[in-house]
Amino acid sequence: MDEYLKGNFDYWQKGYYAPNVESYVFRMWGQVLQYDFSDKQSSKLKMLDFGCGQGAALSFFNQLGFDAYGVDISEYDLDICKKRMGCSEHFKVVNPVPNKDDDWFDVRGGGWSLVTAFQVLYYYSDDDLQERLLSLYNQMKPGAILCATMMGTKNYFYKHSRPYKNGMRCVTLKNERLSIDNYYVNFIENEDELIKKFSMFKKMHIGYYDSCFREDEGSHFHWTYIGRK
Ligand SMILES: C[S@@+](CC[C@H](N)C(=O)[O-])C[C@H]1O[C@@H](n2cnc3c(N)ncnc32)[C@H](O)[C@@H]1O
């Protein structure tokens with residue numbers, strides 16, 4: 001496994017505290033996704049949350065009527081997820097190394113009507129991102145939707161990073177709150193770069209969300225991408 005994947009794997013073993021669905025997720029639903037899905041709820045469409053963490057978004061989509069599944073590299077987070085959702089067979093710990101043939105729930109080339117990947121795909125290098133996107137694409141039904149977010153260069157992590165390789169930058173940041181080292185991110189500079197990286201999908205919408213709670217840290221800028229297989 002490449003050093004950058006190992007660094008990110010180690011970092012995430014401690015988990016990611018996310019007790020509630022974030023506002024950009026339910027706004028994506030309200031502003032975009034519901035127009036594709038709300039009249040089909042009774043059919044219990046299958047959705048996958050890639051990098052589901054503790055399951056906040058999964059729980060939201062489950063309540064909307066989706067048959068929701070999740071994968072992540074953090075066993076700690078998935079244990080919380082399983083308790084929260086009250087079942088274990090819909091969740092899997094996955095290999096951090098992407099493989100275009102990944103098919104974690106045996107959907108054989110077309111099970112998911114919706115795939116979400118919130119705040120996770122930027123933990124892949126350029127080549128690995130294409131491999132991971134292809135694996136998700138291969139598991140989706142024709143016409144299915146992918147919703148993803150990517151960290152932008154406006155995010156305050158960027159100014160604490162230095163080039164690594166293959167699109168990745170290594171972030172080092174230590175303050176009273178954070179101790180980040182051996183942590184790697186693929187930042188997106190502009191909309192053209194975002195569209196190019198996701199070009200195997202047909203673009204529906206691109207956008208962004210941002211917040212800042214400490215002026216000594218800065219912007220939490222992320223791009224949003226919604227596309228169709
Ligand atoms: C910032 S957290 C976001 C979690 C969740 N999607 C959310 O929005 O609450 C990043 C998540 O990505 C997962 N992750 C990082 N690298 C991964 C990889 N190579 N494959 C799968 N999951 C990964 C981490 O374990 C962590 O749960």
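Phenylalanine 91 lies in strand 3; helices (H or I, at least four residues) and strands (E, at least two) are DSSP runs, numbered from the N terminus. The model is a predicted one: local features need pLDDT of at least 70, side-chain atom pairs count only at pLDDT 80 or more, and totals for chains, interfaces and linings use all residues. Residue numbers start from 1 along each chain as its sequence is written.

Phenylalanine 91 counts as buried because it has 23 C-beta neighbours inside 10 Å. The cut-offs here are 20 or more other C-beta atoms within 10 Å of a residue's own for buried, 12 or fewer for exposed, and anything in between for partly exposed, with C-beta atoms placed from the backbone. Setting aside neighbours within four places in sequence, phenylalanine 91 is in contact with Gly70, Leu78, Cys81 and Lys82, contact meaning that the C-beta atoms, placed from the backbone, lie within 7 Å. One of these partners, cysteine 81, sits ten residues away along the chain, with 8.1 Å between the two C-alpha atoms.

Strand 3 belongs to an open sheet of seven strands in the order 3-2-1-4-5-10-9, with mixed pairing. Two strands pair if DSSP finds at least two bridges between them. At the edges are strand 3 (91-93) and strand 9 (202-209), each of which pairs on one side only. On average, neighbouring strands of this sheet are turned by 15° against each other, direction ignored. Axes are lines fitted to C-alpha atoms, for helices over the stretch in contact, and angles run from 0 to 180 degrees between N-to-C directions. Helix 4 (residues 75-85) packs on the sheet and touches strand 2 (67-72) and strand 3. The direction of helix 4 makes about 170° with that of strand 3.

Further into the order come strand 4 (residues 112-117) and strand 5 (residues 140-151), which pair in the parallel sense over five bridges. Within this pairing, threonine 116 stands opposite cysteine 147 in strand 5, and valine 115 has leucine 146 of strand 5 as its bridge partner. Helix 5 (residues 126-139) also packs on the sheet, touching strand 1 (46-50), strand 4 and strand 5, and its direction makes about 150° with that of strand 5. Together, strand 4, helix 5 and strand 5 make a right-handed β-α-β unit; right-handed says that, with the strands pointing away from the viewer, the path from the first strand over the helix to the second runs clockwise. Strand 5 also runs antiparallel to strand 10 (residues 222-228), and seven bridges join the two. Here cysteine 147 turns up again, standing opposite isoleucine 226 in strand 10. Strand 5 is largely enclosed by the rest of the structure, because nine of its twelve residues are buried.

Back toward the start of the chain, cysteine 52 lies in the loop between strand 1 and helix 3. Cysteine 52 counts as buried because it has 29 C-beta neighbours inside 10 Å. Apart from neighbours within four places in sequence, cysteine 52 is in contact with Ala57, Leu58, Gly70, Val71, Asp72 and Cys81.

What about the ligand? It is surrounded by 19 residues, the closest being Trp12, Ala18, Gly51, Gly53 and Ser74; a residue is near a molecule or strand if its C-beta atom, placed from the backbone, lies within 6 Å of it. Helix 1 (3-12) and helix 3 (56-63) are the elements that give two or more residues to this shell. By class, the shell has twelve nonpolar, five polar and two charged residues. Ala, Val, Leu, Ile, Met, Phe, Trp, Tyr, Cys and Pro count as nonpolar, Asp, Glu, Lys and Arg as charged, and the others, Gly among them, as polar.A second open sheet has three strands in the order 6-7-8, with antiparallel pairing. Strand 6 (161-163) and strand 8 (179-185) stand at its edges with a single partner strand each, so one side of each is left without a neighbour in the sheet. Neighbouring strands are turned by 20° against each other on average, direction ignored. Three bridges link strand 6 to strand 7 (residues 169-174), and proline 163 stands opposite arginine 169 in strand 7.

Asparagine 182, in strand 8, has a phi near 55°, a positive value in a residue other than glycine. With 14 C-beta neighbours inside 10 Å, asparagine 182 counts as partly exposed.

Technical notes. Contact = placed C-beta atoms within 7 Å.
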